[in-house]
Amino acid sequence: MEPARDSRPRLAASSYSNTAPLIWSFVHGPRQGEVCLLTDTAPARCADMLAQGLVDGALVPAIEYQHLENVLAVPDVCVGSRRQVRSVVFATRCADLQQVRSVALDTSSRTSVALIKIIFREFIGVEPEWISHPPDLPAMLAAADAALLIGDPAMTFQRSGLQVFDLAGVWREFTGRAFVFAFWMARADTTDRVAAIDFAAARDEGLARVDEIAEFYAQSTGLPAAELVEYLTSNISFVLDEEMLAGLHLYYELAHKHGLIPSVRELKFVNR
């Protein structure tokens, strides 16, 4: 007899520290066992798994809502930043961004790749050569004038001799808006399975354990736990409120203007 198929909702999320408060309750807290959670994957891979029907819901790069068919957004929860994000950065040895002629793009990312293209096209007025590259900064800077890095690797590299720009900070400087990097999405054909999950409560349970989360990720990142607490409570915003939505809508409009998405599809939410 074949073993019974796991009937729990299947979710995917990256294992970066900035997603930890959103998934901690499912892994270590009161919601442990409530879902089947896959975490050993990059944000871009989460989008692919959702598109292929391998999961019912996933924490997906924000740009992918405009590429994926038959998905809905989960309300109230995101990974974003109202000012400086710290974990999405652009590093270069060039003295001026106008001098940048080539950019190595972290293959783990999709939202930030579109964002850096918007920044160059809309605000700097330069179109560099774009080179997809695994997130290895020395190799990236050997292949290009500049590099885009996301997640924990963006907070732990040696910065001497480099100009480093915080992408959420640059976005805020030019637009005055907050920025949404990722949010939970659900397949339309399995929405009922995802709708039963209280993602906002899971987030709140994770944020209540932020000291524990910081101690855990201090071991893998080498960053002080106090610095990670500051990052998770001051740099990252996990609430998809009106301010965050305003930034997201502008991002979609500019992505369409610069040919990065075919159209701007209105956000439709689970349970709304």
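## A tour of helix H11 and two hidden cavities

The buried residues of helix H11 are covered by, among others, strand E5 (76-81), helix H3 (111-124), helix H6 (167-175), strand E11 (179-187) and strand E12 (237-240). Keep in mind as you click around that this is a predicted model.

**Stop 1: the helix itself.** Select residues 242-257, and you have H11, a helix of 16 residues. From its first C-alpha to its last, H11 reaches 23 Å, close to the 22 Å expected at 1.5 Å a residue.

Now show the side chains. Which residues of H11 are buried? They are Met244, Leu245, Gly247, Leu248, Leu250, Tyr251, Tyr252, Leu254 and Ala255. As you look at how they are spaced, here's a handy rule: an α-helix has 3.6 residues a turn, so residues three or four places apart point the same way.

**Stop 2: the two ends.** Start with Asp241, which caps the N-terminal end of H11. Zoom in and you'll find a side-chain oxygen of Asp241 lying 3.3 Å from the backbone nitrogen of Glu243. Then hop to the other side: just after H11 comes Gly259, with a positive phi of about 75°.

**Stop 3: the largest cavity.** How many cavities of 30 Å³ or more does a search of the whole structure find? There are two. The largest has a volume of about 240 Å³. To get there, select Asn18, Pro43, Ile150, Phe181 and Ala182, which lie nearest its centre among the 23 residues of its lining.

Next, colour strand E3 (57-61), along with H3 and E11: each of these supplies at least two residues of this lining. E3 gives the most, with three residues. If you colour the lining of the largest cavity by residue type, expect a mix of 13 nonpolar, nine polar and one charged.

**Stop 4: the second largest cavity.** Here the space is about 40 Å³. Select Phe90, Leu97, Ile116, Ile119, Phe120, Ile124, Phe165, Leu167 and Val170 to see what lines the second largest cavity.

Which helix gives the most to this lining? That's H3, with four residues. H3 and H6 each supply at least two residues here, and both are also among the elements covering the buried residues of H11. Try the colouring by type again: the lining of the second largest cavity has nine nonpolar residues, no polar and no charged.

**Last look.** Show H3 once more before you close the viewer. H3 helps cover the buried residues of H11, supplies at least two residues to the lining of the largest cavity, and gives four to the lining of the second largest.

Key
Residues are numbered from 1 along each chain as its sequence is written. This is a predicted model: local features need pLDDT of at least 70, side-chain atom pairs count only at pLDDT 80 or more; totals for chains, interfaces and linings use all residues. Side-chain values use heavy atoms; hydrogens and water are left out. The expected span of a helix is 1.5 Å times one less than its number of residues. Buried means under 20% relative accessible area, exposed over 50%, partly exposed in between (1.4 Å probe, protein chains only). Contact means heavy atoms within 4.5 Å. A polar contact is a pair of N or O atoms within 3.5 Å; within protein, one must be able to donate a hydrogen and the other to accept it, and residues adjacent in sequence count only if both atoms are side-chain atoms. On a 1 Å grid over the protein atoms alone, a cavity is a set of points where a 1.4 Å probe fits but cannot get out, and a pocket is an open set with protein on both sides within 12 Å along at least five of seven lines; lining residues have an atom within 4 Å of a point. Grid points are joined across faces, edges and corners, and a volume is the space filled by probe spheres set on the points. Ala, Val, Leu, Ile, Met, Phe, Trp, Tyr, Cys and Pro count as nonpolar, Asp, Glu, Lys and Arg as charged, and the others, Gly among them, as polar.
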